[in-house]
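Dear colleague,

Please find below the structure I promised to pass on to you. My notes on its cavities and salt bridges follow directly after it.

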Amino acid sequence: MNFIETRGNDGIKPIEVPFSEAILNPSTSFGGLYVPKELPKLQENFILNHVNSSYKELAYDILKAFEIDIDENEIKKALDLYDNFDDASNPCPVVKVKDDLFVHEQYHGPTRAFKDMALQPFGSILSSIAKKRDEKYLILAATSGDTGPAALNTFKNKENIQVVCLYPDGGTSDVQRLQMVCEDGKNLKVLGIKGNFDDAQSALKNLLASKTFKEELEKDNIKLSAANSVNFGRIIFQIIYHFWSYIQLLKQNEITFGEKIYLVVPSGNFGNVLGAFYAQEMGLPIEKLLVASNENNILTQWINTGIYDIRGKELKLTKSPAMDILKSSNIERVIYSLFGAKRTKELMEDLNSNNVFKMSETETKELQKYFSAVYSDDTFGTKKIKEFLDNGYLMDPHTATCIKAYEELKEKPLKTVIYSTAEWTKFSPTVLNALNQNDEKYADKDALEEISTKYNALLSQSIKELFNAKINHSLVIEKEKIESEIVNFIRKS
């Protein structure tokens with residue numbers, strides 16, 4: 001399978017590239033993104049044939065359907081990393097919490113967030129290709145909290161790889177920040193920036209597209225890639241677990257084969273729900289994709305009106321910080337799938353130039369065939385955390401946003417899976433505020449201990465060790481200094 005560009009081809013870059021090239025060099029014509037030339041259509045019996053499969057077996061067969069140009073042994077080696085999750089046989093369990101509601105827990109990996117599901121195997125594959133080609137790569141990551149720790153973990157001390165991770169100073173939880181700044185890999189650099197996640201992501205995209213920056217790297221024979229979901233190497237692994245959701249409901253005798261379900265995804269950068277959209281296109285029986293936003297409700301506005309408008313909008317810092325995003329990269333891939341390269345280029349150029357684009361009424365109706373959206377505020381989220389724990393289930397503030405979509409957007413009495421993208425430990429002060437029904441400022445360590453003791457909630461060893469770990473990356477810089485800091489890091493390494 002080959003990959004093509006969402007905004008069309010500029011006549012300079014190849015018209016099509018294989019998977020390995022798309023993930024090593026994700027920069028495309030006109031600032032677009034790589035997408036599959038066509039998605040594989042899975043045979044009707046594919047799902048039934050995997051009811052008794054392990055997650056690794058399911059993942060392998062989906063990757064095989066994409067016909068990616070990666071050695072079979074390298075794929076299997078990458079998927080073996082799921083053995084390091086809490087339960088090797090079920091790395092992302094689907095747990096029943098109400099008669100029609102299930103939580104897909106995606107946080108059982110090394111950094112306790114859903115990004116491990118994609119970045120663990122992706123990092124293994126990317127570094128193995130680099131080594132095989134005898135090429136050196138700089139991997140850039142911009143994070144709103146979870147991509148950074150997962151990227152640093154997967155690439156730590158990998159040969160032929162250096163990683164620079166950008167995070168917004170003050171825009172992540174303390175646990176997320178500590179997971180990054182305490183990393184000690186010699187090939188890792190973590191930079192706090194004065195700004196928000198959109199600033200970090202814009203800086204990453206600008207560097208990927210910068211000719212002068214690439215020329216600077218070439219002086220040291222270093223090529224440039226990315227660990228964000230602009231890279232399709234992330235997205236391909238985010239397709240798999242939506243099939244797992246459906247298979248687990250079949251296995252638990254909650255649905256019969258062919259019965260449709262709702263999937264509810266908390267979303268900021270739209271990568272997780274994009275994976276669900278692709279899964280639906282490949283044949284997964286989904287009634288509709290329900291998108292949950294926080295108060296930065298740009299995605300809700302877009303899906304409900306067809307207008308993506310960030311003029312004069314200021315990013316709000318919420319209790320669900322991983323979703324504090326105004327420019328969502330992966331809406332571009334959905335727009336391409338529905339309306340093609342020419343229209344995608346028009347809309348994305350409008351957004352880049354004017355901070356707004358408007359789809360036609362027909363286009364908006366087409367988008368709404370697949371997606372519905374709603375947003376919730378922090379008050380709603382904290383209320384639902386308390387309500388669900390009173391009934392025996394502990395969730396984080398991102399998962400709590402999904403409950404709004406579950407309660408308000410369902411049009412049919414179908415089974416519903418919501419995606420829990422982070423363990424409660426990443427946001428313990430917010431969770432404790434919800435449980436104690438107060439606004440006190442808790443230190444992460446104190447909140448973790450109180451929740452763990454009071455509610456008999458398990459703490460993973462990796463979280464416990466954070467608070468005694470040495471801080472190795474303390475630099476916080478202005479956005480304008482990012483490039484020079486990266487070049488200095490490369491030269492010193």
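The paragraphs below set out the findings, beginning with the internal cavities and then turning to the salt bridges. Please bear in mind throughout that this is a predicted model.

Internal cavities

The count of cavities of 30 Å³ or more comes to 2. The largest cavity holds about 280 Å³ of space. Its lining consists of 26 residues, and those closest to the centre are Phe114, Lys115, Gly268, Asn269 and Ala322. Three elements each supply at least two residues of this lining, namely helix H10 (232-251), strand S10 (261-266) and helix H11 (271-281). Helix H11 provides the largest share of the lining, with 3 residues. In terms of residue class, the lining of the largest cavity is made up of 13 polar, 10 nonpolar and 3 charged residues.

The second largest cavity contains about 60 Å³ of space. Its lining is formed by Asn294, Lys319, Ser320, Ser376, Asp377, Asp378, Gly381, Thr382, Ile385, Pro397, Thr401 and Thr430. Two helices give two or more residues to this lining: H15 (378-390) and H16 (397-408). The largest share, 4 residues, comes from H15. Sorted by class, the lining of the second largest cavity has 7 polar, 3 charged and 2 nonpolar residues.

Salt bridges

A total of 33 salt bridges was counted in the model. Three pairs and one network are described here.

The first pair to mention is Arg133 and Glu21, which form a salt bridge whose closest N and O atoms are 3.4 Å apart. This pair links distant parts of the chain, since Arg133 belongs to helix H5 (residues 115-133) and Glu21 to helix H1 (residues 19-24), with the two positions 112 residues apart in sequence numbering. Arg133 counts as partly exposed because its relative accessibility is 33%. Glu21 is likewise classed as partly exposed, at 25% relative accessibility.

Another salt bridge joins Asp80 to Lys56, and here the closest N and O atoms are 2.9 Å apart. This contact also connects distant parts of the chain: Asp80 sits in the loop between helix H4 (72-79) and strand S4 (94-98), Lys56 lies in helix H3 (residues 55-65), and the two are 24 residues apart. With a relative accessibility of 38%, Asp80 counts as partly exposed. Lys56 is partly exposed as well, having a relative accessible area of 23%.

The side chains of Lys384 and Glu387 provide a further case, meeting in a salt bridge at 3.1 Å from N to O. Both residues belong to helix H15, and because they are 3 residues apart there, about one helical turn separates them. Helix H15 is also the element that gives the largest share of the lining of the second largest cavity. How does the burial of the two partners compare, buried or partly exposed? Lys384 is buried, because its relative accessible area is 5% and buried means under 20%. Glu387, in contrast, counts as partly exposed, at 27% relative accessibility.

Finally, a network of salt bridges links Glu216, Lys219, Asp220 and Arg491.

I would be grateful if you could look over these points with the structure at hand.

With kind regards

Conventions
Residues are numbered from 1 along each chain as its sequence is written. This is a predicted model: local features need pLDDT of at least 70, side-chain atom pairs count only at pLDDT 80 or more; totals for chains, interfaces and linings use all residues. Side-chain values use heavy atoms; hydrogens and water are left out. On a 1 Å grid over the protein atoms alone, a cavity is a set of points where a 1.4 Å probe fits but cannot get out, and a pocket is an open set with protein on both sides within 12 Å along at least five of seven lines; lining residues have an atom within 4 Å of a point. Grid points are joined across faces, edges and corners, and a volume is the space filled by probe spheres set on the points. Ala, Val, Leu, Ile, Met, Phe, Trp, Tyr, Cys and Pro count as nonpolar, Asp, Glu, Lys and Arg as charged, and the others, Gly among them, as polar. A salt bridge is a side-chain nitrogen of Lys or Arg within 4 Å of a carboxyl oxygen of Asp or Glu. Buried means under 20% relative accessible area, exposed over 50%, partly exposed in between (1.4 Å probe, protein chains only).
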